[in-house]
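Reader: I have a chain open on the bench screen and would like to go through it by question and answer. Please keep it plain.

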Amino acid sequence: MINYENERGRMVDEQIAGRGVKDERVLAAMRKVPRHEFLPEALRTVAYGDHALPIGEGQTISQPYMVALMTELLELTGRERVLEIGTGSGYQSAVLAQLCEKVYTVERVKSLAALARTVLDKLGYRNVAIKTFDGTYGWSEMAPFDAIMVTAGAPDIPKPLVDQLKPGGRMVIPVGERFSQTLLKVVKTPEGTVTEKSIPCVFVPLVGAHGWKE
């Protein structure tokens with residue numbers, strides 16, 4: 001019988017804190033959210049390994065370190081309204097839900113959105129709203145947002161997402177080629193956007209009108 005709590009603790013200590021993630025609230029969220037619950041039964045034994053895992057429909061659940069790093073870059077304090085593009089399994093949504101007031105998450109694959117809703121409801125995450133739509137358009141009727149996280153690789157930063165960010169808001173997004181990107185932190189200022197590069201990464205493509213074509 002796997003002790004998932006012990007596995008989570010080891011994951012945080014070795015893969016996340018051990019690689020330099022320091023935000024105590026992020027570390028606490030990563031210790032709490034049961035990653036294995038967001039995976040198919042057959043993959044639960046490797047839920048806390050140092051890798052991304054397939055969740056069906058050509059999509060993945062991101063490596064735990066990447067989830068934690070992207071979350072830390074958003075600098076959440078607990079009062080934010082956060083937009084997530086690419087719900088996937090719902091795991092990243094759950095981590096964000098621990099750290100902000102409300103998560104609005106958009107997923108273009110209907111079956112994944114439905115499964116994520118089921119798991120999030122089962123685990124009691126009431127502050128996550130899910131919409132099935134082309135995420136590159138954002139969620140305009142709920143804008144503006146304090147922070148935006150994009151969990152798929154984009155060729156460029158989608159303009160609708162910048163438009164939906166509050167002044168002073170932060171966006172974390174992988175940008176680059178279809179099979180290799182750089183993680184960017186984008187801060188919206190009165191003069192425009194300021195972009196900082198983080199680390200190289202590889203995400204599934206952000207497909208949509210303001211992303212990659214199918």
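Reader: Which residue with a positive phi follows H3?
Author: The model is a predicted one. In the loop between H3 and E3 there is a residue that is not a glycine and yet has a positive phi of about 55°. Most residues other than glycine have a negative phi. The residue that follows H3 with this angle is Glu75.

Reader: Is Glu75 buried, partly exposed or exposed?
Author: Buried requires under 20% relative accessible area, and exposed requires over 50%. Glu75 has 43% relative accessibility, so the class that applies is partly exposed.

Reader: How many of the residues of H3 are buried?
Author: H3 spans residues 64-73. Its buried residues include Pro64, Tyr65, Met66 and Val67, and also Leu73. The helix is largely enclosed by the rest of the structure, because the buried count, out of 10 residues, is nine.

Reader: Where is Ser62, and is it buried or exposed?
Author: Ser62 sits in the loop between strand E2 and helix H3. Beyond residues up to four places away in sequence, Ser62 touches Arg35, His51, Ala52, Val67 and Phe203. One of these, Val67, is itself a buried residue of H3. With 18% relative accessibility, Ser62 counts as buried.

Reader: Which other residue, in the loop between E1 and E2, has a positive phi?
Author: The loop in question joins strand E1 (53-56) to E2. The residue has a phi near 60° and is not a glycine. Its relative accessible area is 52%, so it is exposed. The residue is Glu57.

Reader: In which sense do E3 and E4 pair?
Author: E3 covers residues 81-85 and is joined to E4 over five bridges. Among the bridge partners, Leu83 is matched with Tyr104, and Ile85 with Val106. The sense of the pairing is parallel.

Reader: How many residues of E3 and of E4 are buried?
Author: Both strands are described as mostly covered. For E3 the count is four of its five residues. For E4, residues 102-107, the count is five of six.

Reader: Which peptide bond is cis?
Author: Most peptide bonds are trans. A cis bond has its omega near 5° here, and its proline lies in the loop between strand E5 (128-132) and strand E6 (145-150). The bond runs from Ala143 to Pro144.

Reader: What separates the C-alpha atoms of Trp212 and Thr136?
Author: Trp212 is placed in the segment after strand E9 (192-201). Setting aside neighbours within four places in sequence, Trp212 is in contact with residues including Gly153, Pro155, Arg178 and Leu206. Thr136 is 76 residues from Trp212 along the chain, and their C-alpha atoms are separated by 9.6 Å.

Reader: What is the radius of gyration of the chain?
Author: The chain has six helices and nine strands. For 214 residues the globule rule gives 17 Å, and the chain comes close to that, so it is as compact as a globular protein of that length. The radius of gyration is 16 Å.

Reader: What share of the contacts with a separation of 6 or more is between residues 24 or more positions apart?
Author: Buried residues make up 53% of the chain. Of the contacts with a separation of 6 or more, the share from residues 24 or more positions apart is 54%.

Reader: How far apart are the mean positions of the positive and negative charges?
Author: The chain carries 26 positive and 26 negative charges. The mean position of one set lies from that of the other by 3 Å.

Conventions:
Residues are numbered from 1 along each chain as its sequence is written. This is a predicted model: local features need pLDDT of at least 70, side-chain atom pairs count only at pLDDT 80 or more; totals for chains, interfaces and linings use all residues. Side-chain values use heavy atoms; hydrogens and water are left out. Helices (H or I, at least four residues) and strands (E, at least two) are DSSP runs, numbered from the N terminus. The radius of gyration is taken over C-alpha atoms; the globule rule is 2.2 Å times the number of residues to the power 0.38. Buried means under 20% relative accessible area, exposed over 50%, partly exposed in between (1.4 Å probe, protein chains only). Contact means heavy atoms within 4.5 Å. Lys and Arg count as positive and Asp and Glu as negative; His and the chain ends are not counted. The place of a charge is taken as NZ of Lys, CZ of Arg, CG of Asp or CD of Glu. Two strands pair if DSSP finds at least two bridges between them.
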